[in-house]
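Please open the model in your viewer and keep the sequence beside it. The tour proceeds by selections, each followed by a short account of what is found there.

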Amino acid sequence: MSAAPNKSALEKHTEAINDVIANWDNIQEPEINLSALRKFIIDKIPFYAHALQMVDIVLERDDDKYLEEYKKTVTGEGNPPPIAYTNGFRIFMRPKLFAVTAEFSKKTNKPWFSTPVLGMAFIILHEIGHIVFDSFGRVKHRNFQLWNIATDYQINQFVVRIMREANIF
């Protein structure tokens with residue numbers, strides 16, 4: 001569904017979230033081959049090879065919880081669930097949310113989520129960025145939520161740059 005050009009960013013975002021909620025049962029989780037994904041990243045971006053080999057990647061599947069989190073977003077009671085996160089030793093990924101993100105990216109023309117493999121590679125590189133740059137060890141006295149947003153922004157810029165330099169997109 002394309003949004004009218006005169007809609008605000010908030011209206012477009014709310015419309016997209018409502019689309020996710022309405023079509024939740026039809027959203028298919030992408031197939032994930034973690035070995036192939038790791039090899040793809042190591043072959044294309046060797047800078048991350050050591051860090052990638054040191055972390056476990058855990059796939060979380062709690063679709064009902066994610067749907068409830070999306071519903072809270074529309075009412076202003078919460079934020080969309082993260083598609084992945086790290087505790088510094090493991091990367092936790094939520095496969096169904098990659099399909100959701102792919103739908104959003106079609107509307108925003110973000111090439112790093114144009115396919116599930118690129119989206120997953122981007123997110124893995126992003127989460128490893130938190131580990132490599134010691135995002136959480138450096139938070140100290142800062143507001144955690146603002147710090148996380150700032151580090152996300154910085155890491156995303158870095159990941160986009162290295163993926164472009166590797167001719168991934």
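Which residue just after α7 takes a positive phi? Select Asn167: its phi is positive, at about 55°. The model is a predicted one, and this value, like the others on the tour, is computed from it. Asn167 has this positive phi although it is not a glycine. It belongs to the segment that follows α7. With a relative accessibility of 66%, Asn167 counts as exposed, because the cut-off for that word is over 50%.

**Stop 1: helix α7**

Now select residues 144-165, which form α7. The helix has 22 residues, so at 1.5 Å a residue it should span 32 Å. Its end C-alpha atoms are 31 Å apart, which agrees.

At the N-terminal end, display the side chain of Asn143. Asn143 caps α7 there, with a side-chain oxygen 3.0 Å from the backbone nitrogen of Gln145.

Next, colour the buried residues of the helix: Trp147, Thr151, Ile155, Phe158, Val159, Val160, Ile162 and Met163. What do these buried residues pack against? They pack against α6, which is the next selection.

**Stop 2: helix α6 and the loop after it**

Select residues 116-132 for α6. Its 17 residues should span 24 Å at 1.5 Å a residue, and the end C-alpha atoms are indeed 24 Å apart. The helix is mostly covered, as 13 of its 17 residues are buried.

Within this helix region, show Phe122 and its surroundings. Leaving aside neighbours within four places in sequence, Phe122 is in contact with Trp112, Phe113, Asn156, Val159, Val160 and Met163. Among these partners, Val159, Val160 and Met163 are buried residues of α7.

Move on to Asp134, in the loop between α6 and α7. Asp134 has a positive phi of about 50° although it is not a glycine. Is Asp134 buried, partly exposed or exposed? Its relative accessible area is 40%, so it is partly exposed.

**Stop 3: the nonpolar core**

Select Trp24, Ile45, Tyr48, Met93, Phe122, Ile124 and Met163. Of the 41 residues in the largest nonpolar core, these touch the most other members. At least two core residues come from each of α1, α2, α3, α4, β3, α5, α6 and α7. Which of them gives the most to this core? That is α6, with 8 residues.

**Stop 4: the sheet**

Switch to a cartoon display and select β1 (56-59), β2 (84-86) and β3 (90-93). These 3 strands form an open sheet in the order β1-β3-β2, and the pairing is mixed. Because β1 and β2 stand at the edges, each with a single partner strand, one side of each is left without a neighbour in the sheet. Neighbouring strands are turned by 20° against each other on average, direction ignored.

Two pairings make up the mixture, and each can be followed in turn:

- β1 and β3 pair in the parallel sense over 4 bridges; Val58 has Phe92 as its bridge partner in β3.
- β2 and β3 run antiparallel and are joined by 3 bridges; Ala84 stands opposite Met93 in β3.

Between β2 and β3, locate the hairpin, which has 3 residues between the strands. Gly88 takes a positive phi near 100° there.

Then bring α6 back into view. This helix packs on the sheet and touches β1, β2 and β3, and its direction makes about 25° with that of β2.

**Stop 5: Thr86 in strand β2**

Select Thr86, which lies in β2. Why does Thr86 count as buried? Its relative accessible area is 11%, and buried means under 20%. A polar atom of the Thr86 side chain lies 2.7 Å from the backbone oxygen of Arg90. Not counting residues up to four places away in sequence, Thr86 touches Ile91, Glu127, His130, Ile131 and Phe136.

**Stop 6: Tyr70 in helix α4**

Finally, select Tyr70 in α4 (residues 63-74). Tyr70 counts as buried, because its relative accessibility is 3%. Add Ile21 to the selection and compare the two C-alpha atoms. Tyr70 and Ile21 are 49 residues apart in sequence, while their C-alpha atoms are 7.0 Å apart in space.

Technical notes:
Residues numbered from 1 in each chain as written. Predicted model: local features only at pLDDT ≥ 70, side-chain atom pairs only at ≥ 80, totals over all residues. Heavy atoms only, no water. Buried < 20%, exposed > 50% of the residue type's maximum accessible area, 1.4 Å probe, protein only. Polar contact = N/O pair within 3.5 Å; in protein donor to acceptor, adjacent residues only side chain to side chain. Contact = heavy atoms within 4.5 Å. Core = buried A, V, L, I, M, F, W, Y, C linked by side-chain atoms within 4.5 Å. Expected span 1.5 Å × (residues − 1). Pairing = 2+ DSSP bridges. Axes fitted to C-alpha atoms, helices over the stretch in contact; angles between N-to-C directions.
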